[in-house]
Each structure stands twice: as C-alpha cells, then as structure tokens.
Amino acid sequence: MTGKKEILQALKNEFAKCVPEAEHYFGKIGEGYSPPAFLYLPSFNQESRHNAFFQDTNREIQIIYFGRTDGYGTTDFDEKLEIEEKVTAFLNTFLLPVGNRTLLFTYETNDADEQLSFYIRFEYKEDAPFAMFEEEENMDAAENVHFTERVK
C-alpha cells in the first residue's frame, strides 16, 4: 500500500532537490526553526473500497513555505516568487515516484497566513488491505471453503 508517510517522504525528497538550502518539517514546526523551511501537513484522506481487492484513494498534502521575514514578520515577496518558480518546475511534471510506483497529482498554489502554500492532490487506485492474503498459502484453502445451512 502507498501510505501518507511514503508520499510525504517522496514529496520532501523532490522539494529538497528544488530548494536544497531549506529545512523540512512534518506535522508541526517548532519555535526557533531557521528559514527557509517547508512544513508538510496531510490535509485530506479518503479511501473508498469497491470490493475486497481494490480501493480508490484520495489524499491531499499541504506544504507551507516559511521564508525569511522583514522586521514586520512579512515574508519577502521576491523570495516567495523565486521559491515558487523553483518548486513549480517539479510540480509541472504532475508525477511523483513513490516506492515502486509513480503517482499522478494535481496542485494549487495559494497563500496560508501570508505564507506561500502548495496543495497537492493524489487520486489513485491500490490494492485493498485484504488483497495481500491472495498471495498466501491460506488463500487456496479459503477458496475451497463451502458453507451449508441447516434448518431445524
């Protein structure tokens, strides 16, 4: 299965290639961080199973860029544009290698509390958790189980 953790790590690797000088944080960013920094937040997750063997998965990750600020706490506008340009080169591929698969995604660029923010959405099909039993020896036995109903 392709989980949130694997997607977050793959995104971090790609963003680190685009902006190698940045720090990367997952879930929360503590006080005393040193800009530039990216914060990765899973913001939406939905799984809908169609049968025992596959499911549709929708995930959205929010990535917030924390840049250098002026004396008023405002991020430098030119720096935001520069970072957006660097990261957009990767985002416009619309493909993210995650483990042994490549996931297709869409993205949106926005501001979150005056910080540059990227919303990246993944929609993909994957094996349902039950599907892993198909490869095990017990699956052969399970296919041959028959139920009979007795009426008293």
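**Exercise 1. Fold outline**

Task: Determine how many helices and strands the protein chain of this predicted model has, and in what order the elements run from the N terminus on.

Solution: The count for the protein chain, in this predicted model, comes to three helices and six strands. Reading from the N terminus on, the elements follow the order α-β-β-β-α-β-β-β-α. As a further step, consider the contacts in the protein chain with a separation of 6 or more: 56% of them are accounted for by residues 24 or more positions apart.

**Exercise 2. Surface and burial**

Task: State what share of the residues counts as buried, and how much accessible surface the protein chain has.

Solution: The protein chain has 152 residues, and 36% of them count as buried. Its accessible surface comes to about 10000 Å², and carbon and sulfur atoms hold 50% of that surface.

**Exercise 3. The largest nonpolar core**

Task: Find which residues have the most contacts inside the largest nonpolar core, and which element gives the most to this core.

Solution: In soluble globular proteins, nonpolar side chains tend to be buried together. Here the largest nonpolar core has 26 residues, and L11, F15, F38 and F122 are those with the most contacts inside it. At least two residues of this core come from each of helix 1 (4-18), strand 2 (37-49), strand 3 (54-66), helix 2 (77-91), strand 4 (95-98), strand 5 (101-112) and strand 6 (115-127). Helix 1, with six residues, gives the most to this core. To see the surroundings of one core residue, take F15, which, when residues up to four places away in sequence are not counted, touches H24, F38, Y40, I63, V87, F90, L91, F118 and I120.

**Exercise 4. Nonpolar residues at the surface**

Task: Decide whether F77 and L104 are buried or exposed, and identify which residues form a nonpolar patch on the surface.

Solution: F77 has its place in helix 2. Because exposed means over 50% relative accessible area, F77, at 56% relative accessibility, counts as exposed. Its C-alpha atom is separated by 9.6 Å from that of G67, a residue 10 positions apart from F77 along the chain. L104, whose place is in strand 5, has a relative accessible area of 56% and is therefore exposed as well. The nonpolar patch on the surface is formed by F94, L95 and L104, which together have about 280 Å² of accessible area.

**Exercise 5. A lysine in helix 2**

Task: Establish whether K80 is buried or exposed, and which side chain is joined to that of K80 by a polar contact.

Solution: K80 lies in helix 2. Since buried means under 20% relative accessible area, K80, at 12% relative accessibility, counts as buried. The side chain of K80 is joined to that of D111 by a polar contact of 3.4 Å. With its neighbours within four places in sequence left aside, K80 is in contact with T75, D111, E114 and L116.

**Exercise 6. Salt bridges**

Task: Give the count of salt bridges, and explain why the pair of K86 and E21 ties together parts that are apart in sequence.

Solution: The count comes to eight salt bridges. One of them joins K86 and E21, with the closest N and O atoms 3.7 Å apart. Because K86 lies in helix 2 while E21 lies in the loop between helix 1 and strand 1 (23-26), this pair ties together parts that are 65 residues apart in sequence. K86 is partly exposed, with a relative accessible area of 29%, and E21 counts as partly exposed at 42% relative accessibility.

A further salt bridge is formed by D56 and K125, where the closest N and O atoms are 2.6 Å apart. This pair links distant parts of the chain, with D56 in strand 3 and K125 in strand 6, 69 residues apart. D56, at 19% relative accessibility, counts as buried, whereas K125, at 49%, counts as partly exposed.

For E108 and R121, which also form a salt bridge, the closest N and O atoms are 3.5 Å apart. Here the linked parts of the chain are strand 5, which holds E108, and strand 6, which holds R121, the two residues being 13 residues apart. E108 is partly exposed, with a relative accessible area of 36%, and R121 is partly exposed, with 27%. Finally, E21, E82 and K86 are joined into one network by salt bridges that share partners.

Technical notes:
Residues are numbered from 1 along each chain as its sequence is written. This is a predicted model: local features need pLDDT of at least 70, side-chain atom pairs count only at pLDDT 80 or more; totals for chains, interfaces and linings use all residues. Side-chain values use heavy atoms; hydrogens and water are left out. A nonpolar core is a set of buried Ala, Val, Leu, Ile, Met, Phe, Trp, Tyr and Cys residues joined through side-chain atoms within 4.5 Å. Buried means under 20% relative accessible area, exposed over 50%, partly exposed in between (1.4 Å probe, protein chains only). Helices (H or I, at least four residues) and strands (E, at least two) are DSSP runs, numbered from the N terminus. Contact means heavy atoms within 4.5 Å. Patches are made of residues with over 30% relative accessible area and no salt bridge: like charges are joined within 9 Å, nonpolar side chains (Val, Leu, Ile, Met, Phe, Trp, Tyr) within 5 Å. Accessible areas come from the Shrake-Rupley method with a 1.4 Å probe; for residues, only the protein chains shown count as cover. A salt bridge is a side-chain nitrogen of Lys or Arg within 4 Å of a carboxyl oxygen of Asp or Glu. A polar contact is a pair of N or O atoms within 3.5 Å; within protein, one must be able to donate a hydrogen and the other to accept it, and residues adjacent in sequence count only if both atoms are side-chain atoms.
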